[in-house]
Amino acid sequence: MTSRDDVCVLLPTYNEAATIADVVEGYRAEGLENVLVIDGGSGDDTRERAAEAGARVVEQSGDGKGQAIREAVREHVDADYVLMADADATYDAADADVMLEPLLAGEAEHVIGDRFADMREGAMTRLNRIGNRLINGAFRLIHGEDYGDILSGYRAFTRESFQHLTLSAEGFGIETEMAVECVKHDVPVAVVPITYRPRPSGSDTNLNPVRDGGIIFLELFRKAKTNNPLFYFGSVGAASTTAGLSVAAYVLYDWLAYGIGHQILAIVAAAGVLLGFQLLMFGFLADMMLSLHREQIRRLDGQRDGGG
């Protein structure tokens with residue numbers, strides 16, 4: 001692959017001394033000379049090894065992968081295109097071509113590398129596979145798009161499209177948030193097959209499957225408030241209605257079978273059902289307003305394009 005000065009390889013790091021030099025050298029061998037390492041205050045010699053391998057190194061001002069990516073793209077990247085990868089050698093620098101092709105061809109503004117297309121043995125535990133499948137299924141259900149592997153850390157995107165995303169996640173939820181924001185802002189997304197390898201021996205993961213999985217699920221649900229309000233309010237409303245009807249059934253059974261009245265529980269049941277129906281109605285109204293807003297945005301975009 002020939003050198004492309006308009007592409008910046010972005011590598012967020014935290015204690016990746018065991019792999020960072022090989023990763024940087026791998027991308028430079030592919031003709032990608034502009035490699036930016038943004039480090040989260042590693043306690044080992046990650047920064048020194050990255051610089052020795054030929055990367056430009058900056059230390060992030062805050063904490064977490066999400067904050068590092070936002071800071072890097074907005075303050076330290078001048079290239080038109082960004083190729084983002086983890087620094088743990090699980091991604092293959094040789095896949096850079098397939099990642100960048102949809103961007104350079106004008107077919108997409110955001111590219112996601114699908115790890116499940118060629119996942120090598122031992123690259124992901126059974127628990128992580130199950131969690132990934134559940135999260136991707138929840139994403140399809142809530143946000144109505146199938147991006148294949150929304151937790152993939154191998155991304156390519158235009159710097160301009162990144163500026164349109166409203167991102168606030170601090171840690172590993174950043175990939176999920178980027179996928180949700182692409183749906184919200186109608187960013188053209190391409191999914192391409194990549195190779196995913198096990199971490200080399202001596203390289204420890206910074207990911208906690210249970211903790212970070214829970215954060216990602218919460219992020220998906222939280223983002224539904226503005227991207228799919230019918231699901232967001234409807235799911236809570238359905239839960240409240242179901243709980244209220246369950247309590248009402250218990251109250252009715254005790255009254256009919258034993259003549260025992262539960263006045264307070266009856267009030268709780270009625271309140272639960274009423275709240276549930278109100279949330280469902282609010283969800284429908286919010287969804288209608290969102291649909292009208294999106295239609296108005298598309299119409300305005302069409303007028304601007306026509307005027308241009």
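A residue is called buried here when its relative accessible area is under 20%. With that in hand, let us walk through this predicted model, starting with a well-covered helix.

**Helix α7 and its surroundings**

Helix α7 spans residues 174-184, and 10 of its 11 residues are buried. The buried set consists of Ile-174, Glu-175, Thr-176, Glu-177, Met-178, Ala-179, Val-180, Glu-181, Cys-182 and Val-183. Beyond the helix comes Asp-186, which has a positive phi near 55°.

**The sheet**

What does the sheet look like? It is open and built from seven strands in the order β3-β2-β1-β4-β6-β5-β7, with mixed pairing. Strands β3 (56-59) and β7 (189-196) stand at the edges; each has a single partner strand, so one side of each lacks a neighbour in the sheet. On average, neighbouring strands are turned by 25° against each other, direction ignored.

Within the sheet, β1 (residues 7-13) runs parallel to its partner β4 (residues 81-84), and the two are joined over four bridges. One bridge partnership links Val-7 with Tyr-81 of β4. Helix α7 packs on this sheet, where α7 touches β5 (110-119), β6 (155-158) and β7. The direction of α7 makes about 45° with that of β6.

**Cysteines**

How many disulfides does the structure hold? The count is zero. For Cys-8, the closest cysteine sulfur belongs to Cys-182 and lies 18 Å away, which is too far for a bond because a disulfide needs the two sulfur atoms within 2.5 Å. Seen from the other end, Cys-182 is in no disulfide either, its nearest cysteine sulfur being that of Cys-8. Cys-182 also appears among the buried residues of α7.

**Accessibility of three residues**

The table puts both cysteines beside Gln-163, a residue of helix α6 (residues 159-163).

| Residue | Relative accessibility | Class |
|---|---|---|
| Cys-8 | 1% | buried |
| Cys-182 | 1% | buried |
| Gln-163 | 37% | partly exposed |

Why does Gln-163 count as partly exposed? Its relative accessibility is 37%, and the partly exposed class lies between the buried limit of under 20% and the exposed limit of over 50%.

**A contact across the sequence**

Which residues does Gln-163 meet once its neighbours within four places in sequence are set aside? Gln-163 is in contact with Val-73 and Arg-74. In the case of Val-73, the two residues are 90 residues apart in sequence, while their C-alpha atoms are 8.6 Å apart in space.

Notes
Residues numbered from 1 in each chain as written. Predicted model: local features only at pLDDT ≥ 70, side-chain atom pairs only at ≥ 80, totals over all residues. Heavy atoms only, no water. Buried < 20%, exposed > 50% of the residue type's maximum accessible area, 1.4 Å probe, protein only. Contact = heavy atoms within 4.5 Å. Pairing = 2+ DSSP bridges. Axes fitted to C-alpha atoms, helices over the stretch in contact; angles between N-to-C directions.
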